[in-house]
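Biologist: I would like a close look at the aromatic side chains in this model, and then at what surrounds them. Please go step by step, since I am new to reading structures.

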Amino acid sequence: MSPRIRIFNRLNPLMMKTRTTYGFALLMLLAMACASGPRSQATPAELAAFEKLISDKSFQIDASWAQPMASQGLNSIANAGLLPRGSTASRIDIGGSGGYLRIVGDSVMADLPYFGERQMGGAYNPQKGGIQFNGIPKEFTLEPNKKGDGKTVRFNITHDQEAYRVIAQIYPSNFSSITIASTHRTTIWYQGTVSEYEREK
């Protein structure tokens, strides 16, 4: 057997092991992506509850994950181990924060933790570094999604001289996503679950 063939025979098992490892990692990533998104089909009970939630126009999205724009500052925080366990610089676990976006009649309210960078000056309170607003929005729309069986909420609102553009997608499976663009800081995305909000009597 020539030396060239011997070298190939030694490397071949290593190459197969590497390909198997990469293949397994790819399958895990695909499974995680599917698990974090909305299910393609909802049960009749879920659809009925969802339609009631929409018609009552009284619901709340509880945020579980924050997805900020990548930045050197966030990478430094992640590398220092200062983020919650299981989090990365681009996907942060905020399940215990109590962060929410609420829509009740003509009013919208939000109290969401924020991770990212400020783009301009203005009033800044270090004790209130999250995204907070409460009031009647402008240009509010609630329409069916272009794809799937969910709804898309869009509106603009200003709080403490900071203007927000909010887009929320909600689905009968309770999966929800929120995009918030601000005049003062970088855009951030959230994932969570939507549920009926019972108004105080």
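Which residues form one aromatic cluster?

Modeller: The cluster is made of Phe133, Phe140, Phe155 and Tyr164. Before going into it, note that this is a predicted model, in which local features need pLDDT of at least 70 and side-chain atom pairs count only at pLDDT 80 or more, while totals for chains, interfaces and linings use all residues. Residues are numbered from 1 along each chain as its sequence is written, and side-chain values use heavy atoms, with hydrogens and water left out.

For orientation, the protein chain has three helices and ten strands (DSSP runs of H or I with at least four residues, or of E with at least two, numbered from the N terminus). Along the sequence, their order is α-α-β-α-β-β-β-β-β-β-β-β-β. Of its 201 residues, 32% count as buried (under 20% relative accessible area with a 1.4 Å probe on protein chains only; exposed is over 50%, partly exposed in between).

Now to the rings. A pair of aromatic rings is described by the distance of the centres and the angle of the planes. There are four aromatic pairs in the structure (rings of Phe, Tyr and Trp, the last by its six-membered ring, with centres within 6.5 Å; planes under 30 degrees apart are stacked, over 60 edge-to-face, the rest tilted). One of them joins Phe133 and Phe155: the ring centres are 6.0 Å apart and the planes stand at 80°, so this pair is edge-to-face. Because Phe133 belongs to strand S5 (residues 131-135) and Phe155 to strand S7 (residues 151-159), the pair ties together parts that are 22 residues apart in sequence. Phe133 has a relative accessibility of 3%, so it counts as buried. Phe155 is also buried, at a relative accessible area of 0%.

A further pair, between Tyr171 and Phe175, is tilted, with 6.1 Å from centre to centre and 40° between the planes. Tyr171 is buried because its relative accessibility is 12%, and Phe175 is buried at 15%.

Strand S7, which holds Phe155, is followed by a loop between S7 and S8, and Asp160 is found there. Asp160 is not a glycine, yet its phi is positive, at about 50°. With 56% relative accessibility, Asp160 counts as exposed. A similar note applies in the loop between S8 and S9, where Asn174 lies. Its phi is near 85°, again a positive value in a residue other than glycine. Asn174 has a relative accessible area of 38%, so it is partly exposed.

Charged contacts come next. Side chains of opposite charge can pair when their charged atoms come close. The structure holds four salt bridges (a side-chain nitrogen of Lys or Arg within 4 Å of a carboxyl oxygen of Asp or Glu). One of them links Arg185 with Glu162, whose closest N and O atoms are 2.7 Å apart. Arg185 sits in the loop between strand S9 (175-182) and S10, and Glu162 in strand S8 (residues 162-170), so the bridge ties together parts that are 23 residues apart in sequence. Arg185 is buried at 5% relative accessibility, and Glu162 is buried at 6%.

Glu196 and Lys52 form another bridge, with 3.5 Å between the closest N and O atoms. Since Glu196 lies in strand S10 (residues 188-196) and Lys52 in helix H2 (residues 44-56), this bridge ties together parts that are 144 residues apart in sequence. Both ends are partly exposed: Glu196 has a relative accessible area of 46%, and Lys52 has 44%. Lys52 and Glu196 are also linked with Asp56 in a network of salt bridges.

Lys57 is paired with Asp106, and here the closest N and O atoms are 3.8 Å apart. Lys57 is in the loop between H2 and strand S1 (58-68), whereas Asp106 is in the loop between strand S3 (100-104) and strand S4 (107-112), so distant parts of the chain, 49 residues apart, are linked. Lys57 is partly exposed, at 23%, while Asp106 is exposed, at 58%.

To return to the request, the cluster consists of Phe133, Phe140, Phe155 and Tyr164, and the ring pair described within it, Phe133 with Phe155, is edge-to-face.
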